[in-house]
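Thank you all for coming. Please have the sequence and the structure open while I talk, and stop me whenever a residue is hard to find.

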Amino acid sequence: MQITQVALAVLILFGVITLIQLVYYYAIYGRFAFHKKKATLGFRDIPVSVVIVVRDDAAQVLQTLPYLLEQQYGFFEIVIVNDRSRDENSLHAIKEYKERYSNIKIVDLSTAVSTSRGKKMAISMGIKCASYDHILLTSPNCKPASKQWLALMAQNFLFQHKIVLGYNTFEKKKGPYSHFLHFDNLVNAMQYFSHALLHSTYRGDLNNVAFVRPLFYQQKGFISYNHLLYGEEDIFIHRASTQNNTAIEFSPDAATVRQHTPQYRFWRIHKISLFFTRKYNSLKNRLLLGFYELTNLLFYVFLVLSVLVALHQPTILYIILGIALLRIASMYVVMGISAKKLQEKQIIPYFLFYDILFSLLNPLYWLSAIINHKKIAK
C-alpha cells in the first residue's frame with residue numbers, strides 16, 4: 001500500500017520531534033546526568049549564616065533546629081526571622097533555644113509593616129542582620145539530609161563561586177501522589193542543574209540555595225519585583241548568575257528534605273508560579289524550557305498518529321516503534337542516572353507514566369499561570 005502525503009508528513013514530523021527530544025536528553029540534560037564533580041582539597045571553614053523565615057510555622061523550626069545545630073562545621077550561625085507570626089508558644093520555645101546556643105540569632109518582625117508580597121522583606125532582613133557574608137537559605141519544614149550539609153554547600157565557595165544551587169526533595173512515602181511529586185521535583189532539578197552547567201542559570205530552590213551577600217545588594221535585593229507573590233528567589237538567582245559564578249551541589253548528603261508533603265493545592269500554586277516567573281528570565285532559557293515541554297507533548301501525539309497511519313504497513317510500523325523506543329530508552333538512561341545521583345531511584349519504574357502525564361499537565365499549568373497572573377503579580 002502506497003503511503004499518502006499526509007501520512008508521510010506525519011512520519012517526518014514524528015522523526016524530527018524525536019530527534020529534538022534526543023538532543024535535549026543528551027546535549028542538555030545529559031550535562032547533569034554525566035557530570036562528575038570536582039574533588040575539594042584543603043577545605044577550610046568559611047563562616048556561613050543560615051537564614052530561615054518563620055511565619056506561623058515556628059513549630060516546624062523546632063523540629064528542624066536540632067538537625068541544623070548538629071552540623072559538623074566550625075563557623076556558622078542560624079538566623080531565624082519571625083515574619084509576623086502569631087504562634088507565641090512556639091516562638092517562646094525558639095527563644096529558649098537561643099539562650100542555650102550562642103550561634104542562634106532571632107530577627108523579630110512582629111510589628112513590621114511591608115508593602116512587599118510574600119516573604120521578601122523577611123528574607124531581606126535576615127540577610128541584612130546576618131553576621132557573615134556567605135548566606136545559606138532554607139525553610140522551617142526542611143531538614144538537612146546529613147551532618148555534612150553545611151560543609152558540602154559551603155565548600156563550593158572555595159572555587160570563587162558566588163552562588164551555590166542545592167537540591168531539595170520530599171520525604172519518601174508510598175503511593176502515587178508521592179511518586180508524582182518526586183518525579184516533577186527530579187525533572188525540575190535535572191533542568192536547573194543542567195542549565196547552570198550550560199552557564200545559563202535560571203533558578204534556584206529557596207529551600208537550599210547559597211550566595212554571597214554583596215551579590216544580593218548588587219541586584220538591589222528584591223526591589224524590582226516586590227509586587228510578586230512567588231518566585232523572587234528564581235529571578236534573583238537568574239539575574240545574579242554569570243557564566244562562571246554559579247556551582248551546583250548534588251551530593252545526597254547536601255540535600256534538604258521537606259518533612260511535610262504539601263497538599264496538591266499548595267503544590268499546584270508553586271508549580272504555576274514557576275511558569276509565571278519564566279517571563280522574567282532570558283529569552284534563551286524561556287525558549288529552551290518551553291520548547292522541551294512542547295516537543296515532549298508532540299512526541300506522544302505524533303507517536304499515536306504515526307502508529308495509526310502505519311497500522312497496515314508492518315515495516316514502517318516497526319521503524320516507528322523503534323524510533324519511539326530509542327527516545328524512551330534515552331529518557332530512562334539520562335533521567336535514571338540523574339535519579340540515582342539524587343537518590344530518587346524509587347520513581348524510575350514510573351518514568352514513562354509520569355512523563356506522559358506531565359506532558360499533558362504542563363500546558364495546563366502554563367495556561368493557569370497566564371489566567372491567574374493577577375493573583376501572582378499585582
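The largest nonpolar core of this chain, which I should say straight away we see in a predicted model, has 110 residues, and those with the most contacts inside it are L165, F193, M335 and F351. If you ask which helix gives the most to this core, it is α7, with ten residues.

Let me stay with F193 for a moment, and ask what it touches. Leaving aside residues up to four places away in sequence, F193 is in contact with F32, L165, G166, Y167, I248, E249, F250 and L342, so please find L165 in that list, because it is also among the residues with the most contacts inside the core, where a core residue has to be buried and joined to others through side-chain atoms within 4.5 Å.

From there we can move to the sheet, in which seven strands follow one another in the order β3-β2-β1-β4-β8-β6-β9, open and with mixed pairing. At the edges stand β3, residues 104–108, and β9, residues 246–248, and because each has a single partner strand, one side of each is left without a neighbour in the sheet. On average, neighbouring strands here are turned by 20° against each other, if direction is ignored.

Looking inside the sheet, strand β6, residues 163–165, and strand β8, residues 209–212, run antiparallel and are joined by three bridges, and within that pair V164 stands opposite A210 in β8. Helix α7, which spans residues 176–197, packs on the sheet, where it touches β6 and β9, and its direction makes about 135° with that of β9.

My next stop is a pair of helices, α12, residues 314–341, and α13, residues 351–371, which pack at an angle of about 105° with their axes 11 Å apart. That angle makes α12 roughly perpendicular to α13. On the α12 side the contact includes M331, Y332 and M335, while F351, L352 and D355 come from α13, and the residues of this contact divide into seven nonpolar, one polar and two charged.

Helix α5, residues 120–129, has K120, M121, A122, I123, G126 and I127 buried, and what covers them includes β1, β2, β4, β8, α8 and α9.

Finally, is N141, in the loop between β4 and β5, buried or exposed? N141 is buried, because its relative accessible area is 17% and the cut-off is under 20%. Apart from residues up to four places away in sequence, N141 touches Q60, T64, V257, R258, Q259 and H260.

Key:
Residues are numbered from 1 along each chain as its sequence is written. This is a predicted model: local features need pLDDT of at least 70, side-chain atom pairs count only at pLDDT 80 or more; totals for chains, interfaces and linings use all residues. Side-chain values use heavy atoms; hydrogens and water are left out. Two strands pair if DSSP finds at least two bridges between them. Helices (H or I, at least four residues) and strands (E, at least two) are DSSP runs, numbered from the N terminus. Axes are lines fitted to C-alpha atoms, for helices over the stretch in contact, and angles run from 0 to 180 degrees between N-to-C directions. Contact means heavy atoms within 4.5 Å. Angles under 35 degrees count as roughly parallel, over 145 as roughly antiparallel, 65 to 115 as roughly perpendicular and the rest as oblique. Ala, Val, Leu, Ile, Met, Phe, Trp, Tyr, Cys and Pro count as nonpolar, Asp, Glu, Lys and Arg as charged, and the others, Gly among them, as polar. Buried means under 20% relative accessible area, exposed over 50%, partly exposed in between (1.4 Å probe, protein chains only).
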